[in-house]
Amino acid sequence: MSTENEGNAVPPAPSAPPVPMASPAASPQGPAPEGNAPTAPLPPVPHEAPAASAAADHGPAYQPGPAPDGSWPPPPPATPAYADGGSGGAGAGWGSTYQQPAPKPRGGRGGLVAAVLVAALVAGGLGSGLGYTLAKDRDDRGSTTVSASDGGVTQVKRAPGTIAGVASKALPSTVTIEAESTNGEGGTGTGFVFDTQGHIVTNNHVVADAVDGGKLTATFPNGKKYDAEIVGHARGYDVAVIKLKNAPSDLKPLALGDSDKVAVGDETIAIGAPFGLSNTVTTGIISAKNRPVASSDGSSNSKASYMSALQTDASINPGNSGGPLLDASGAVIGINSAIQSTGSGGFGTGQSGSIGLGFAIPINQAKYVAQQLIKTGKPVYARIGASVSLTDSSDGAQITDQGTGGSAAVETGGPADKAGLKPGDVITKFDDHVIDSGPTLIGEIWTHKPGDKVTVTYKRGGQDHTVELTLGSRVGDN
């Protein structure tokens, strides 16, 4: 199954919603992330395309295609199903591309403000008239309304462990990111403070538009806005690090949790800028772990990113990408990156929204990637040195007969070769994780570091075999 990166076209004002428009008829879903401040897609789980679709990060049946292992880059997604804001129409598949919505005109929010004002006036008039009538009818019986005293309200205390307590502590360390390319296109996403030096962690698809000479800014909840620059980005991991220019001296990094210890049912809190509405807080639980998810940024030279994701039902929408997924104590356990959607977007944007299926990159993996980017500016990927099929299946990850560009499917002298793996072998387990497809294998490989020893179970000639393999490494996305 494929999900989409959630993204949101740069709004005139990050905190104001777009002008409402008539909702278009539901259409097959496509993902929605990067070009606008995205979020990502899901693994090879075949399913029927829904009648209607939405966005933020995914939905259609996965299409087969040659697949790489740790060898980069993996082939581009088979079919676009990212930009139409849906879960994908027929043909959509793993890493389906995301189409960035047309930039919203500056100042286009006035219509909504006016509409809201008119609605408020109408409602206010109705409420006043009704209230006057009721009051007149009951004058002889006195008021039946009881009001709380101001003193009672001001005495409300919110403990650090409550959602309100966690949000008040975490919000000052999150930022709304606006990325704009040299031609003026871009999107809005989210990021969070990683260290006191001014490094901000976010998704690669959030900043992709600003990679080649574009403009990047980060705005804190207090309204302070800073120009920023990209320190490094990893398309495969969908992680990026930016750095604030003239960063303030009082930055407070968010505490990082341990995503390996997260359990299904644990409470979650997500912070982001859904549809440009900055500093939005939503809650939910961990719905599942180790969900294989694949997505792309929708660009013409897009390459898929893969993750073994944390799944949450906390509401995540286009613009939440790159924001922190927190546990009940306020520690970061993941980076919100993708959603599965089935409906067309609201507010006339054509983007779809949350249906309770959100996906986050586990923070243990994101932390390692961020540290590498800060240190060298380039990502480092673990690899097995074999190309695997990306065809949708449930039997495992099959090593192809030939690698990308006519290269050998099993690299001579590489990790897979040393372990005795050959073309045609079907990998069914990676350590204790069941492997049902090539994308699932890639996502699992990338949760490890180069040099890690792993146990690989594979089928050859109908027989199961198990070998130990030491992962190799590859530096950079190209």
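Strands E7 and E8 form a hairpin with four residues between them, and within that turn Asp238 has a positive phi of about 60 degrees. This feature, like everything described below, is read from a predicted model.

**The strands around E8**

The two arms of the hairpin pair in the antiparallel sense, strand E7 (residues 225–234) being joined to E8 over six bridges. Within this pairing, Gly232 stands opposite Val241 in E8. Strand E8 also pairs with strand E5 (residues 199–202), again in the antiparallel sense, here over four bridges, and the bridge partner of His199 in E8 is Lys243. Strand E8 spans residues 239–244, and five of its six residues are buried, so E8 is largely enclosed by the rest of the structure.

**The protein as a whole**

The protein has seven helices and 21 strands, and of its 478 residues 52% count as buried. Among contacts with a separation of 6 or more, 75% are accounted for by residues 24 or more positions apart. The accessible surface comes to about 19,500 Å², and carbon and sulfur atoms make up 53% of that area.

**Two nonpolar cores**

The largest nonpolar core has 59 residues, and those with the most contacts inside it are Ile384, Phe430 and Leu441. Helix H5 (residues 363–376) contributes the largest share of this core, namely six residues. Apart from it lies another core, of 17 residues, which includes Ile177, Val193, Val206 and Leu216.

**Helix H7 and strand E17**

How many of the eight residues of helix H7 (residues 438–445) are buried? Eight of the eight are, so this helix is largely enclosed by the rest of the structure; among these buried residues are Gly438, Pro439, Leu441, Glu444 and Ile445. The cover over the buried residues of H7 includes strand E10 (280–295), strand E11 (305–312), strand E15 (380–383), strand E16 (397–398), E17 and strand E18 (433–434).

Ile427 is found in strand E17 (residues 426–430). With a relative accessible area of 1%, Ile427 falls under the 20% limit and is therefore buried. Its C-alpha atom and that of Gln398 are separated by 6.2 Å, although the two residues are 29 residues apart along the chain.

The table sets out some of the contacts of three residues, not counting residues up to four places away in sequence.

| Residue | Contacts, including |
|---|---|
| Ile427 | Ile384, Gly396, Ala397, Leu421, Ile435, Leu441 and Val456 |
| Phe430 | Ile384, Ile435, Leu441, Glu444, Ile445, His448 and Val456 |
| Ser181 | Asp209 and Gly214 |

Ile427 thus touches Leu441, a residue of helix H7, and Phe430 touches Leu441, Glu444 and Ile445, which also belong to that helix. Ile384 and Leu441, which stand with Phe430 as the residues with the most contacts inside the largest nonpolar core, are both touched by Phe430.

**A buried loop residue**

Where is Ser181 found? Ser181 is found in the loop between strand E3 (174–180) and strand E4 (186–193). Is Ser181 buried or exposed? At 14% relative accessibility, Ser181 counts as buried, because the limit for that class is under 20%. Beyond its neighbours in sequence, Ser181 touches Asp209 and Gly214.

Key: Residues are numbered from 1 along each chain as its sequence is written. This is a predicted model: local features need pLDDT of at least 70, side-chain atom pairs count only at pLDDT 80 or more; totals for chains, interfaces and linings use all residues. Side-chain values use heavy atoms; hydrogens and water are left out. Buried means under 20% relative accessible area, exposed over 50%, partly exposed in between (1.4 Å probe, protein chains only). Two strands pair if DSSP finds at least two bridges between them. Contact means heavy atoms within 4.5 Å. Accessible areas come from the Shrake-Rupley method with a 1.4 Å probe; for residues, only the protein chains shown count as cover. A nonpolar core is a set of buried Ala, Val, Leu, Ile, Met, Phe, Trp, Tyr and Cys residues joined through side-chain atoms within 4.5 Å.
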